[in-house]
Amino acid sequence: MNMTGIVYRPPYEANSLLLQVTLGCSHNKCTFCSMYPGVQFKVCPMDQVEADIKEAAHYYPNVRRVFLEHGDAFVLSSDRLMSIADAIHRNLPRVETIAMYASIQNIRTKTDEELQRLRSAGINDLDIGVESGLDPALKYMNKGHTAAEAQEQLLRLTQAGMEYSFNAILGCGGAELWKENADATADLINAVQPHLLFIGSLHAGPGCRLYQDMQSGAFKECTIGQLLNEQDRLIRRLDLKDTYYFGSHPSNLVPMQGRLPEQKQDMLEAVEAIRKHLLPHLEEYPVRGGEGSILNR
Ligand code: SF4
């Protein structure tokens, strides 16, 4: 199967068939992102996608889940996504779910009827980098959406019967706005009640603007203590009916997963336990390794 460029996927798509339908990201300008540097966004030709699906059907005829690559495959028109879904179901009849990364802008360009049609074709479990509910943080991170726009579009997805992962980044507001970031992000999450909440913490690699701003001091990142405070504050403020909290990303100080609201107290205790463990390091800045993993914890 053809696959061009570096391939990223959410951790919970480890057993999915990865199918490339685009190259790069149509936005490609989030301040913290260095996933597709210099990659010119392209839509893969349909005959190539169909050939890949046929090849996959030969090797993995019983696959049940497909994840469309790359950075925001939901940017494709509804007609193209329907054609891809149709080709998948024709060749891989056991597929139940077709998931992919999506942005708030990608949802905005589709009508309610289109969203329903896509859902009925098995498209579900979109993975959405909302990142924050705080407008100044969203603006600096150059996400291309405001908190109100994110709320509106995510509620449209729910209305269409689509589930999604709300991806949020602790530390998006930096050292100056960690409280505001926690409160506004929790409020947005509460307003949309996502099926899945994916939590990471802010990190930047060379090649993106955030990295330069951190080096120059233009962006003041959170200390270890502030990151823990933000996580504690966010979890306390969450008022969810039935959401799975996935916080096992390597960038997190407190790797944990659990169901909310049932495990809220356990999560708060896990944050507290790490705070006690890291007491001598709370004023330090995180030292990051691969995938943002924190080395001084
Ligand atoms: S939308 Fe995702 S892939 Fe695209 S620039 Fe932003 S973080 Fe990177």
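Pro261 lies in the loop between strand E10 (256-260) and helix H10. In this predicted model, the peptide bond that joins Leu260 and Pro261 is cis, with omega about 15°. A second cis bond runs from Glu69 to His70, where omega is near 5°. His70 also belongs to a loop, the one between strand E4 (65-69) and helix H2 (78-91).

One more backbone angle deserves a look. Asp125 is not a glycine, yet its phi is positive, at about 55°. Asp125 is located in strand E6, which covers residues 123-131.

The table lists these backbone angles.

| Site | Feature | Angle |
|---|---|---|
| Leu260 to Pro261 | cis peptide bond | omega about 15° |
| Glu69 to His70 | cis peptide bond | omega near 5° |
| Asp125 | positive phi | phi about 55° |

Now follow the chain into H10. This helix spans residues 264-277 and packs with helix H9 (residues 224-237). Their axes are 10 Å apart, at an angle of about 170°. Angles over 145 degrees count as roughly antiparallel, so H9 is roughly antiparallel to H10.

Which residues of H9 and H10 make the contact? H9 supplies Gly225, Leu228, Asn229, Gln231, Asp232, Ile235, Arg236 and Arg237. H10 supplies Lys264, Met267, Leu268, Val271, Ile274 and Arg275. Sorted by class, this contact has six nonpolar, three polar and five charged residues.

Next comes the ligand. Where does the ligand sit? It occupies the largest pocket. Around the ligand are Cys25, Asn28, Lys29, Cys30, Phe32, Cys33, Met35, Tyr36 and Lys143. Three cysteines are named in that shell: Cys25, Cys30 and Cys33. By class, the shell has six nonpolar residues, one polar residue and two charged residues. The charged pair is Lys29 and Lys143, and the polar residue is Asn28.

Notes. Residues are numbered from 1 along each chain as its sequence is written. This is a predicted model: local features need pLDDT of at least 70, side-chain atom pairs count only at pLDDT 80 or more; totals for chains, interfaces and linings use all residues. Side-chain values use heavy atoms; hydrogens and water are left out. A residue is near a molecule or strand if one of its heavy atoms lies within 4 Å of it. On a 1 Å grid over the protein atoms alone, a cavity is a set of points where a 1.4 Å probe fits but cannot get out, and a pocket is an open set with protein on both sides within 12 Å along at least five of seven lines; lining residues have an atom within 4 Å of a point. A molecule sits in a cavity or pocket if more than half of its atoms lie within 2 Å of its grid points. Axes are lines fitted to C-alpha atoms, for helices over the stretch in contact, and angles run from 0 to 180 degrees between N-to-C directions. Helices (H or I, at least four residues) and strands (E, at least two) are DSSP runs, numbered from the N terminus. Angles under 35 degrees count as roughly parallel, over 145 as roughly antiparallel, 65 to 115 as roughly perpendicular and the rest as oblique. Contact means heavy atoms within 4.5 Å.
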